[in-house]
Number of protein chains: 2
Amino acid sequence: MVTGGHPRLPALDAYIKLVRAASSVTALLEPRLRAAGLTTSQFGVLEAVHHLGPLCLGDLARKILTSSANLTTVVDSLERRRLVARRRDPSDRRRTEVCLTARGRRLISGLFPSHARAIEHAFSTLDDAEQRELAGLCRRLGLAAAAAKP
Amino acid sequence: MVTGGHPRLPALDAYIKLVRAASSVTALLEPRLRAAGLTTSQFGVLEAVHHLGPLCLGDLARKILTSSANLTTVVDSLERRRLVARRRDPSDRRRTEVCLTARGRRLISGLFPSHARAIEHAFSTLDDAEQRELAGLCRRLGLAAAAAKP
DNA sequence: ATCAATTATTTCGATATCGAAAGAATGCGC
DNA sequence: GCGCATTCTTTCGATATCGAAATAATTGAT
């Protein structure tokens with residue numbers, strides 16, 4: 001999408017800036033993760049399980065915005081490195097829960113604080129009220145788009 | 001990133017909502033492109049060249065936010081389908097310009113209007129002022145993050 | 001109880017994407 | 001003008017990602 005100056009089409013203009021902002025911030029965070037041998041998806045899984053406890057693959061896939069097919073390989077990589085373990089959910093044996101190992105917990109605990117600080121730093125060009133404003137607008141937009149998805 | 005309710009860390013909260021919003025809207029647009037046999041990247045190239053005229057690969061890579069290595073394959077696909085053509089830039093022979101063929105121009109001309117309408121529709125949950133507000137915040141954030149990059 | 005429909009995960013084959021290094025052309029400093 | 005650092009594109013090898021089909025487990029209607 002390419003627009004500029006005084007946008008005749010505000011939605012188009014907002015869309016391209018939204019995508020670029022998300023991409024720029026993510027690009028800023030990636031080297032740190034890469035240094036720890038993690039992709040953004042792998043980090044997302046560790047972080048979700050760290051903060052929410054064991055989750056099944058489907059929930060994780062929705063959480064980190066990837067297909068369940070892909071999540072299988074993401075978790076495979078983490079499991080190979082003994083950062084997480086799969087466990088059949090006893091209450092619904094179709095599900096596989098992903099749990100952190102001690103090693104995985106150590107890694108994500110060590111990584112998360114500086115990751116959060118990097119995000120805060122990237123966002124520091126917006127003041128607190130603006131950050132909340134942005135979050136609110138994105139939340140409404142994301143919910144509407146997700147609802148339209150069928 | 002997983003937060004919720006009253007965010008203790010507004011930046012973190014804004015970041016996750018930003019990424020989810022961008023992803024949800026993009027996911028909404030993808031089926032239309034897929035039906036035309038285009039990926040988001042391929043569409044991005046056609047659209048950029050359509051609106052800006054011939055561009056060299058490096059500029060295109062920056063425009064659509066991908067690596068130059070990847071852009072080579074994106075343009076390869078488009079060229080194989082005779083939607084674009086490569087042309088050495090005579091003024092700087094290191095550069096390769098990408099131009100639309102008649103076929104490519106037909107395709108993007110036919111596709112773009114409904115694409116733009118789909119974006120407007122996705123954004124219609126925000127009023128005009130909110131869309132501009134969102135664009136402005138994203139623009140500042142994106143610029144700051146891009147500036148911090150190297 | 002049985003089986004059809006549903007849900008969760010994995011497998012499969014194909015493509016997209018990346019980072020690093022190689023290759024090609026340019027331009028800068030001298 | 002010469003050579004070297006720079007810029008642009010491609011190649012290479014590896015991984016990430018996807019959609020569709022296959023597999024496994026559960027639920028629900030009868």
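## Two protein chains and two DNA strands

In strand β3(A), V98(A) is the bridge partner of R86(A). This pair belongs to a predicted model, and the report starts from the sheet that holds the pair before turning to the whole chain, the chain pair and the DNA.

### The sheet of chain A

β2(A) and strand β3 (residues 96-100) of chain A are joined by 5 bridges and pair in the antiparallel sense. In general, the strands of a sheet pair through backbone hydrogen bonds, either parallel or antiparallel. The sheet in chain A is open and has 3 strands, in the order β1-β3-β2, with antiparallel pairing. Its edge strands are β1 (55-56) and β2 (84-88) of chain A, each of which pairs on one side only. A helix, α2(A), lies across β1, β2 and β3 of chain A and runs at about 85 degrees to β3(A).

### Chain A as a whole

Chain A has 6 helices and 3 strands. Along the sequence they follow the pattern α-α-β-α-α-β-β-α-α. The C-alpha atoms of chain A fill a box of roughly 55 × 35 × 25 Å, taken along the principal axes. Of the 150 residues of chain A, 36% count as buried. Among the contacts in chain A with a separation of 6 or more, 45% are between residues 24 or more positions apart.

### The sheet of chain B

Chain B also has an open sheet of 3 strands, in the order β1-β3-β2 and with antiparallel pairing. At its edges are β1 (55-56) and β2 (84-88) of chain B, and each pairs on one side only. β2(B) is joined by 5 bridges to strand β3 (residues 96-100) of chain B, and the two run antiparallel. Within this pairing, R88(B) stands opposite T96(B) in β3(B). The helix α4(B) packs on the sheet and touches β2 and β3 of chain B, with its direction at about 115 degrees to that of β2(B).

### How the two chains are related

Two copies of a chain are related by a rotation about an axis and a shift along it. Here, a turn of 180 degrees and a shift of 0.0 Å along the axis lay chain A on chain B with an RMSD of 0.0 Å. That is why the relation is one of a two-fold axis. In chain A, the C-alpha nearest the axis is that of L134(A), at 3.2 Å. Both copies use the same surface, as 100% of the contact residues of chain A recur in chain B.

### Where the chains touch

How many residues of chain A are in contact with chain B? There are 52 of them, in contact with 52 residues of chain B. On chain A, the helices α1 (10-35), α2 (40-52), α5 (102-123) and α6 (128-148) each supply at least two residues of this side. The largest share, 18 residues, comes from α1(A). By class, the side of chain A that touches chain B has 32 nonpolar, 7 polar and 13 charged residues.

One residue in the matching helix of chain B gives an example. L28(B) is found in helix α1 (residues 10-35) of chain B. Is L28(B) buried or partly exposed? L28(B) is partly exposed, because 19 other C-beta atoms lie within 10 Å, and a residue counts as buried at 20 or more. Leaving out residues up to four places away in sequence, L28(B) touches A145(A), A148(A) and K149(A), as well as A118(B) and A122(B). L28(B) and A118(B) are 90 residues apart in sequence, yet 8.3 Å apart in space, C-alpha to C-alpha.

### The surfaces near the DNA

The model also holds DNA strands C and D. The table gives the residues that come nearest to each.

| DNA strand | Residues around the strand | Nearest residues |
|---|---|---|
| C | 22 residues | C56(A), G58(A), A69(A), A69(B), R93(B) |
| D | 22 residues | A69(A), R93(A), C56(B), G58(B), A69(B) |

Near DNA strand C, α3 (57-64) and α4 of chain A and α4 of chain B each supply at least two residues of the surface. α4(B) gives the most, with 5 residues. This surface divides into 5 nonpolar, 11 polar and 6 charged residues.

Near DNA strand D, at least two residues of the surface come from each of α4 (68-80) of chain A, α3 (57-64) of chain B and α4 (68-80) of chain B. Here the largest share, 5 residues, comes from α4(A). The surface near DNA strand D has 5 nonpolar, 11 polar and 6 charged residues.

How values were computed
Residues numbered from 1 in each chain as written. Chains lettered and ligands numbered in written order. Predicted model: local features only at pLDDT ≥ 70, side-chain atom pairs only at ≥ 80, totals over all residues. Contact = placed C-beta atoms within 7 Å. Helix = DSSP H or I, 4+ residues; strand = E, 2+ residues; numbered from the N terminus. Nonpolar A, V, L, I, M, F, W, Y, C, P; charged D, E, K, R; others polar. Near = placed C-beta within 6 Å. Pairing = 2+ DSSP bridges. Axes fitted to C-alpha atoms, helices over the stretch in contact; angles between N-to-C directions. Least-squares fit on C-alpha atoms with pLDDT ≥ 70 in both. Buried ≥ 20, exposed ≤ 12 C-beta atoms within 10 Å, placed from the backbone.
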